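Me: Please look at the model below. I should like to ask on what grounds its charged contacts are named as they are.

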Amino acid sequence: MKRIMAVLLVLTSPFCSSEQFTIAVGFGPQYGGVVGVQFGSKSESLEFNGAVGLLGWSIGGLTPVGQEQTLSWGLSAGQIGFGDDFYQFDSYYMPNGFKNAGWRFGLSVGQTKEEDDWWGGSFEDKSWESYLMVHFGYQF
């Protein structure tokens, strides 16, 4: 019986925490491609999120930096378009702070790799390409 209670305690503890669920809309790969909706679970110092967008999807996480918590950094990965994989480092400026609703602005540095061009019949390996991108959104 004690083992069953311990397992139940471990399985239900994430649902008893003080996490806040968030929704954000924005432009950038971490919002699921070009334009998308990001769903997140946020605690005092960490946010995990997933996004579905017009041309893709992504998953990621971020954490605030400093006392004011207006700056944050994170990582995200996913797909854009018809199979272009990406991973990136994200930096954010949040004027209202990490915990509050408001605008998010930032830069992302990452790499993307096109999948095989099966439309044209070419199955050669594609190389990773680096990029720098501006992103912005609004968290509700």
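Me: Why is the contact between the side chains of Glu 47 and Lys 42 called a salt bridge?

Reply: A salt bridge requires a side-chain nitrogen of Lys or Arg within 4 Å of a carboxyl oxygen of Asp or Glu. The N to O distance between Lys 42 and Glu 47 is 3.7 Å, so the pair qualifies. This is a predicted model, in which local features need pLDDT of at least 70 and side-chain atom pairs count only at pLDDT 80 or more, while totals for chains, interfaces and linings use all residues. Residues are numbered from 1 along each chain as its sequence is written, and side-chain values use heavy atoms, with hydrogens and water left out.

Me: What makes Glu 47 buried or exposed?

Reply: Buried means under 20% relative accessible area, exposed over 50%, and partly exposed in between (1.4 Å probe, protein chains only). Glu 47 has a value of 1% and is therefore buried; Lys 42, at 2%, is likewise buried.

Me: How do you know that Glu 47 forms a salt bridge with Arg 104?

Reply: The closest N and O atoms of Glu 47 and Arg 104 are 2.8 Å apart, so the criterion is met. Glu 47 lies in strand β3 and Arg 104 in strand β7 (strands are DSSP runs of E, at least two residues, numbered from the N terminus), so this pair ties together parts 57 residues apart in sequence. Arg 104 is buried, with a relative accessible area of 1%.

Me: Which residues do salt bridges with shared partners join into one network?

Reply: The network consists of Lys 42, Glu 47 and Arg 104.

Note on methods: Helices (H or I, at least four residues) and strands (E, at least two) are DSSP runs, numbered from the N terminus.
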